[in-house]
Amino acid sequence: MQITEKPIENTLVLELEGDLMGGTAAEEFRKVIDQAIHKQMVNVIVDMTQVNWMNSSGLGMLISALTTLRSSDGDLRLANLSERLRRPIKITKLDSVFQDFDTLEEAIKSYTV
């Protein structure tokens, strides 16, 4: 999995590419979140446009990041989820925990409202 960081307005957009499967990718993702908190960029959007697949470990990565950011007075929101990625979130009832948006623009706007 590859992570590209893009600060946009008052948010940090993390563009993920590849598969969310945990392992070493989870460690890298955790470091990016910790660095964002250190820089006081606690409003994070994960752009899932280029994510092909997500298993339970990948979902755990997102949950961990959400919890960490919320404990730092921030939040993590998801953008551009395919139906394939949305399905495990719905099945686990995490759609009531995560805010997800059809477009990156909507997700960015949600932080300014």
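**Notebook: contacts, cores and strand order**

I started at M48. Setting aside residues up to four places away in sequence, M48 touches L16, L20, M54, L62, A79, N80, L81 and L85. I note here that the model is a predicted one.

Next I looked up the cores. The largest nonpolar core has 28 residues. M48 is among the members that touch the most others, along with F29, V46, L62 and L76. I then listed the elements that give this core two or more residues. They are strand 2 (11-20), helix 1 (24-38), strand 3 (43-54), helix 2 (56-71), strand 4 (75-79) and helix 3 (83-91). Which element gives the largest share? Helix 2 does, with six residues. Another core lies apart from this one. I counted eight residues in that other core, including V13, A79, L104 and Y111.

**Strand pairing**

I went through the strands in pairs. Strand 1 (residues 2-8) and strand 2 run antiparallel, and seven bridges join them. Within that pair I found I3 opposite L16 of strand 2. The hairpin of strand 1 and strand 2 has two residues between the strands. I checked the backbone there: E9 takes a positive phi near 55°.

Strand 2 and strand 3: parallel or antiparallel? They run parallel, with eight bridges between them. Here E17 stands opposite Q50 in strand 3. Strand 3 and strand 4 also run parallel, joined by five bridges. In this pairing I45 faces R77 of strand 4.

I then checked handedness. The β-α-β unit made by strand 2, helix 1 and strand 3 is right-handed. The chain also crosses from strand 3 through helix 2 to strand 4, and that β-α-β crossover is right-handed.

**Two neighbours in helix 2**

I picked T68 and L69, as both lie in helix 2. T68 first. Its relative accessibility is 14%, so T68 counts as buried. Outside the four-place window in sequence, T68 touches R30, I33, D34 and I37.

L69 next. Why does L69 count as buried? L69 is buried because its relative accessible area is 0%, and the cut-off for buried is under 20%. Leaving aside neighbours within four places in sequence, I found L69 in contact with I33, I37, V42, V44, G74, D75 and L76. I also took one distance from L69. D34 is 35 residues away from L69 in sequence, and their C-alpha atoms are 8.7 Å apart.

**A loop residue**

I turned to G23, in the loop between strand 2 and helix 1. Buried or exposed, which is G23? G23 counts as exposed because its relative accessibility is 53%, and exposed means over 50%. I took a C-alpha to C-alpha distance here too. G23 and L76 are 21 Å apart in space and 53 residues apart in sequence.

**Rings**

Last, I looked at the rings. How many aromatic pairs are there? The count comes to zero. I did find a charge over a ring. The charged end of R77 sits over the ring of Y111, 3.9 Å from the ring centre. Both residues had already come up in my notes. R77 is the strand 4 residue opposite I45, and Y111 is one of the residues in the core of eight.

Technical notes
Residues numbered from 1 in each chain as written. Predicted model: local features only at pLDDT ≥ 70, side-chain atom pairs only at ≥ 80, totals over all residues. Heavy atoms only, no water. Phe/Tyr/Trp six-rings, centres within 6.5 Å; stacked < 30°, edge-to-face > 60°. Lys NZ or Arg CZ within 6 Å of the ring centre and 35° of its normal. Core = buried A, V, L, I, M, F, W, Y, C linked by side-chain atoms within 4.5 Å. Buried < 20%, exposed > 50% of the residue type's maximum accessible area, 1.4 Å probe, protein only. Helix = DSSP H or I, 4+ residues; strand = E, 2+ residues; numbered from the N terminus. Contact = heavy atoms within 4.5 Å. Pairing = 2+ DSSP bridges. Right-handed = clockwise from strand over helix to strand, strands pointing away.
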